[in-house]
Amino acid sequence: MKTGWYKDAVFYQIYPRSFCDSNGDGIGDIRGIISKLDYLKELGVTAVWLSPVYKSPNDDNGYDISDYRDINPEFGTLDDWKEMIAGMHERGIKLVMDLVVNHTSDEHEWFKQSRSSKDNPYRDYYIWRKGKGKDGKRPPNNWTSRFTGSAWQYDETTGEWYLHLFSKKQPDLNWDNPKVRREVADICNYWFELGVDGFRCDVITYISKAEGLPDGKFNPVMCGDEHFVLGPHIHEYLNEIYEKAWSKYDTMIVGEAIGCKLTDAPMIIAEDRHELDSAITFELMDVDMKWSFFPVKFNLAKFKAVQSAWQALPKNCWNTLYYENHDQPRSITRYGNGRGYYRKELGKMLAVSYMMLRGTPYVYQGQEIGMTNIRLEEKEYVDIMATRVFSLIRKIFPPLMPVARWAMSKRARDHARTPMQWEDKTGAGFTTGKPWMKINPNLGEINVASDLKNPNSILNFYKKLIEFRKGNAVIRDGDYIEYFPKNKKVYCFERKLGSHRYIVFCNFAEKKVALNIDTIPNSRGAKLIMDNWATQEETLGDAILLKPYEAAIYEIDPSADNG
């Protein structure tokens, strides 16, 4: 049943709350998405990853689900959703939904039943333990929440603690219970029958916890993670869901694989494993980050080493290519001077630097117009991660608050969640009402309407690049060869399939860089096919001069003698 359609796809991630508001309540919704389907088709994307639109009390903006089979009224109705997916399919766009099943909302009926008594049939749907100490008022172990503090919450009703690796309103499901696994398979099949083409599985590497839930090694941020990342039954449980649901339809299953290293990847994404089709990993995101949120100076050499290592995965493993999503700050700010004179060149260069790699690329809403991080006052942050960090630092050591504010100005998830900038007018074309979150003040310079009119815009460059990828066997199946790995300014690599070759140059520096390239085999005379400055030499010689943030793609004619 599975065709591997995702290997030829270009994804677009929609964070619905911030994409387009159709009714003026300041919150993006499904009818707003419907109104932009032609935009997605014209961009050239062939699949959408839609962040959660299920019923939710929104403690974590929809990643705390209270009903897996219905739509949150603030986004619309199930009928609206059916109209949306029909519209996508009519335009040749597949739909991948978020599957959030490491945890539910504490307002889900399962958890309401589970916490009501120790002998309730749903008690074992979640992870309950007695506390330490004579009175049982200390957490069962030292695990910490990803949102700071203990990963355990005491519940007065039964005098026990439940595990929550995220917010206390996101209790972890007990995947060791076969009834829970059957529920997950049933949820998947429900949506498949409605036409969904796959799932992005949220924190799927957390579902299997170590037997006995032992204490973790001390780490002020991730204490205990070695006991729930890729746990002892992870492969068994993924294979079971694959057999009961994922394999029955022509699906694409991509897992958010927190803690998954290069050496782990083949064990969960190799095609013969019958688990995930690909994984969203974090080694690239960690190049300029420590302790999950603390920014450090960007190091291109390390960045390239990570990219090259993942490109060397076995042929039966498939990569996920991304720089941005709803949890990551804007790449144009992260990897260069996104507020600088060369913003457009930077945005185009970044597009080339990952879309020419082997794997499925993801474009996050606004990335295609070069949206940037936003400057926020402490009181303007709305995401739970930032507000919890501020609260924790203020409580335990207030003098560190300036450091916390600086870190969040670089790393907060809020940067990715500002409303989409469609037009240069009040509400940014996102809403006619008061937006749920502050709109970036640079909407006058950065918006879809102006980019559509400008043939040299980032948006139109994305269209050109996406079109170039479509059906291109060299990009999809070709070998990857890196050149100048120690160069601190330029990322240069080759894609090769048989005698067909592309040479890609990406200058990550905000200044000119000269590069002697006579060591690239048979590259002399290669023909320029794409350049974000439109001034590069039409044929390669023994050297190349790259302008600030320049990206250039050259093709070596297999029939020519380039010696």
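This is a guided tour of a predicted model, given as a series of selections to make in the viewer.

**The open sheet**

Begin with the strands β11, β10, β9, β5, β2, β1, β15 and β14, and display them in that order. These 8 strands form an open sheet, and their pairing is parallel. Next, select residues 278–280 and 320–321, which are β11 and β14. Each of them stands at an edge with a single partner strand, so one side of each is left without a neighbour in the sheet. In general, the strands of a sheet pair through backbone hydrogen bonds, in either the parallel or the antiparallel sense.

Within this sheet, select β2 (residues 47–50) together with β5 (residues 94–99). The two strands run parallel and are joined by 4 bridges. For one pair to inspect, choose A47, which stands opposite K94 in β5.

**The β7–β8 hairpin**

For an antiparallel pairing, move to β7 (residues 152–155) and β8 (residues 160–163), where 4 bridges connect the strands. Select D155 and then E160, its bridge partner in β8. The two strands form a hairpin with 4 residues between them. In the turn, select G159 and read its backbone torsion: phi is positive, at about 70°.

**Positive phi outside glycine**

Most residues other than glycine have a negative phi. Two selections depart from that pattern. The first stop is N58, whose phi is near 65°, a positive value in a residue other than glycine. N58 is found in the loop between β3 (54–55) and β4 (67–71). With a relative accessibility of 21%, N58 counts as partly exposed, because the buried class ends under 20%.

The other stop is F484, which has a positive phi of about 55° although it is not a glycine. F484 lies in the loop between β16 and β17.

**Salt bridges**

The model contains 37 salt bridges by the rule applied here. Side chains of opposite charge can pair when their charged atoms come close. Three pairs and one network are visited below.

Select K244 and E240 in helix α6. Their side chains meet in a salt bridge, with an N to O distance of 3.0 Å. The two residues are 4 residues apart in the helix, so about one helical turn separates them. Is E240 buried or exposed? With a relative accessible area of 16%, E240 is buried, whereas K244 is partly exposed at 34%.

Now select R343 and E445, whose side chains meet in a salt bridge at 3.5 Å, N to O. R343 lies in helix α10 (residues 343–355), and E445 lies in the loop between α13 (414–417) and α14 (448–453), so the pair ties together parts that are 102 residues apart in sequence. R343 is buried, with a relative accessible area of 3%, while E445 is exposed at 51%.

Continue to R394 and E378, where the closest N and O atoms of the salt bridge are 2.3 Å apart. R394 belongs to helix α11 (residues 384–396), and E378 to the loop between β15 (360–364) and α11, so this pair ties together parts that are 16 residues apart in sequence. Both residues can be coloured by accessibility: R394 is partly exposed at 41%, and E378 counts as partly exposed at 24%.

To close this part, select D60, D327, D383, R413 and R417 together. A network of salt bridges links these residues.

**Charged patches on the surface**

Switch to a surface representation and select D124, D176, E211 and E236. These residues gather in a patch of negative charge on the surface. Where does E236 sit? E236 is in helix α6 (residues 234–244), and its relative accessibility of 41% places E236 in the partly exposed class.

For a patch of the opposite sign, select K297, K488, K489 and K511, which gather in a patch of positive charge on the surface. Within the patch, centre the view on K488. This residue is found in the loop between β16 (479–483) and β17 (490–497), the loop that also holds F484. K488 is exposed, with a relative accessible area of 69%.

Note on methods:
Residues are numbered from 1 along each chain as its sequence is written. This is a predicted model: local features need pLDDT of at least 70, side-chain atom pairs count only at pLDDT 80 or more; totals for chains, interfaces and linings use all residues. Side-chain values use heavy atoms; hydrogens and water are left out. Patches are made of residues with over 30% relative accessible area and no salt bridge: like charges are joined within 9 Å, nonpolar side chains (Val, Leu, Ile, Met, Phe, Trp, Tyr) within 5 Å. Accessible areas come from the Shrake-Rupley method with a 1.4 Å probe; for residues, only the protein chains shown count as cover. A salt bridge is a side-chain nitrogen of Lys or Arg within 4 Å of a carboxyl oxygen of Asp or Glu. Lys and Arg count as positive and Asp and Glu as negative; His and the chain ends are not counted. The place of a charge is taken as NZ of Lys, CZ of Arg, CG of Asp or CD of Glu. Buried means under 20% relative accessible area, exposed over 50%, partly exposed in between (1.4 Å probe, protein chains only). Two strands pair if DSSP finds at least two bridges between them.
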